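Here are some short exercises to work through with the model open beside you. Try each task yourself before you read the solution.

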Amino acid sequence: MKKILYSAFVAMGMLSLASCSNEFEPKYDYEEPIPDKTPFQNDDYISVSSWANRYQWNLANVHDPSVVLADDGYYYMYQTDASYGNAHAYHGHFFCRRSRDLVNWEFLGPTMHGIPVWLKGKLNELRDSMGVAPNTADFDNDQTYQQQFGYWAPCVRKLANGIYRMYYAVTVPGTIDGDGTWSERCFIGMMETATPALTESWVDKGYVLTNYSDRGLDFRYKADDWNNCYFKYNCIDPSYIITPEGEHWLIYGSWHYGFAAVQINPETGKTISEQGLPWGAENEAAYGKLVYTRQMGNRWQAAEAPEVIYRDGYYYLFMAYDGLDVPYNTRVVRSRNIDGPYYGIDGTDVTNSGGDAFPIVTHPYKFSGDHGWVGISHCAIFDDGKGNYYYVSQQRFPAGYNGNANSNALMLGGVRSIRWTSTGWPVVMPERYNATEQTAISDDDIVGTWEHIDLGYQYGVMKEAVDMEFSADHKITSGPWRGASWSLDASTNTLTVNGIELLLQREADWEANRTKNTIVYAGINGTKTYWGKKK
């Protein structure tokens with residue numbers, strides 16, 4: 001489970017305790033003063049990281065975001081509770097912020113308060129079926145126990161009737177039946193609202209899914225025996241999609257055996273097939289069909305956070321790879337069918353055979369003169385209704401930034417533009433979106449020094465930029481592609497270097513100054529992805 005994964009990272013020193021503290025934040029009875037709502041613009045947001053400064057956060061303290069464009073013209077962003085110093089603790093769950101321009105974000109507050117009312121009853125119904133004693137904890141009043149639950153990875157979509165539907169995951173603390181048994185199960189629930197501007201308007205519609213096991217009631221595995229996960233599908237990280245034909249689907253899963261796809265009843269938001277008990281081969285189909293596995297048969301694999309969109313005849317399945325502190329990187333595969341098979345750009349059938357997903361979409365990186373970014377994944381993909389697509393995820397500072405031992409727990413939201421190659425694969429622009437004016441790009445703009453990053457996969461390595469010089473005679477005179485020729489198609493903003501298609505866009509030069517504009521590129525060659533920025 002993801003909750004356990006976070007605990008494991010802490011134990012191994014892979015995740016700063018600053019983001020996982022269980023310290024109680026004091027509560028006050030008096031009315032809060034009028035808050036300062038000036039959006040904070042610096043990336044290092046420690047000075048405003050506390051709950052008292054939440055209206056200034058902008059994109060500070062963002063983790064596992066989901067974004068939907070609402071009828072009122074706002075983009076609404078929802079997220080996991082995780083935050084630097086655990087600032088969200090005791091203030092609700094699935095926090096919301098909104099923006100009109102994707103640059104400045106207004107913090108609105110939580111959409112849920114407390115443990116869902118249906119959860120204890122459903123949990124004990126399943127425990128009874130397993131022959132296990134009921135959970136007798138005080139779900140309503142025991143604050144220490146309440147803080148051990150995890151609230152993860154909401155996914156929000158707009159339905160055709162103006163209703164907004166959120167699928168969310170809750171992890172239950174403890175083990176199934178004491179020491180020597182696997183971790184307690186997770187649940188996916190669902191909420192709806194017609195007015196996302198009112199965070200208190202969300203109505204919980206109850207249980208949707210729980211973990212499925214292909215091992216019957218053989219749950220006697222230690223909770224840290226990762227290679228022998230009791231559950232086949234970890235019921236977390238839901239991604240909700242409505243197909244062009246009007247079918248509703250969830251794709252979900254994290255680490256365990258892979259991702260599963262399950263069809264949803266459009267009216268109820270629950271599974272279209274009646275669920276039996278969540279174990280046994282005869283009931284598996286109601287809990288989903290395997291659509292992705294990194295390694296066939298591996299019960300503990302570093303892939304999570306599926307995100308699915310449809311575009312021009314393909315379903316694109318984005319996913320997060322590896323540990324979330326530094327190595328986190330994003331991959332994408334695609335299929336003609338929502339339930340697969342999905343293929344990588346190299347032709348690998350990652351549904352029926354398993355395999356690493358390519359291409360790489362994001363990877364830890366560093367342009368010159370800057371600290372660089374790591375932990376860039378668990379993304380949401382969304383569009384503006386006009387054909388423009390965007391990628392948003394958390395991104396983290398490297399460890400030890402500015403002498404802060406906990407800097408890797410600083411989680412900043414990063415919105416980036418997506419461009420699509422001529423063969424229909426997405427590339428994400430290396431610089432964050434800043435509503436930069438997209439004036440024409442000419443040959444003269446290409447001439448000069450560029451910083452080039454090869455995002456070829458290296459676990460936990462921050463890929464650093466090297467200089468390349470583009471000359472006026474359409475040659476590259478220095479750097480990794482020295483001797484290559486270049487040409488520009490200004491009608492499509494495509495720079496071609498020895499047959500490699502690099503898509504250009506004007507963006508803010510965040511490493512220098514967010515008010516300074518530059519030109520960036522992103523492209524794919526085989527399974528390799530390249531990023532670049534004009535100096």
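**Exercise 1. A charge over a ring.** Find the ring that lies under the charged end of Arg432, and give the distance to its centre.

*Solution.* The ring belongs to Trp510, and the charged end of Arg432 sits over it, 4.0 Å from the centre. The rule asks for NZ of Lys or CZ of Arg within 6 Å of the ring centre and within 35 degrees of the ring normal. Lys122 is placed over the ring of Tyr207 in this way, with its charged end 4.4 Å from the centre.

A word on the ground rules: this is a predicted model, in which local features need pLDDT of at least 70 and side-chain atom pairs count only at pLDDT 80 or more, while totals for chains, interfaces and linings use all residues. Residues are numbered from 1 along each chain as its sequence is written, and side-chain values use heavy atoms, with hydrogens and water left out.

**Exercise 2. Aromatic pairs.** Classify the pair formed by Tyr365 and Trp531, and say why it links distant parts of the sequence.

*Solution.* Start with the rule: rings of Phe, Tyr and Trp (its six-membered ring) pair if their centres lie within 6.5 Å; planes under 30 degrees apart are stacked, over 60 edge-to-face, and the rest tilted. The count by this rule is 43 aromatic pairs. For Tyr365 and Trp531, the centres are 5.0 Å apart and the planes are at 85°, so the pair is edge-to-face. Next, locate the partners: Tyr365 is in strand β17 (residues 365-366) and Trp531 in strand β30 (residues 528-534), so the pair ties together parts 166 residues apart in sequence. Strands (E, at least two residues) and helices (H or I, at least four) are DSSP runs, numbered from the N terminus. Finally, both Tyr365 and Trp531 are buried, where buried means under 20% relative accessible area, exposed over 50% and partly exposed in between (1.4 Å probe, protein chains only).

**Exercise 3. Strand β20 and its neighbours.** Is strand β20 enclosed or open, and which strands pair with it?

*Solution.* First, 10 of the 10 residues of β20 (residues 411-420) are buried, so the strand is largely enclosed by the rest of the structure. Then look for partners; pairing takes at least two DSSP bridges. Strand β19 (residues 389-396) runs antiparallel to β20, joined by eight bridges, and Gln394 has Gly413 as its bridge partner. Strand β21 (residues 426-428) is also antiparallel to β20, with three bridges; here Ile418 is matched with Val428. Lastly, β20 and β21 form a hairpin with five residues between them, and Gly424 in the turn has a positive phi of about 90°.
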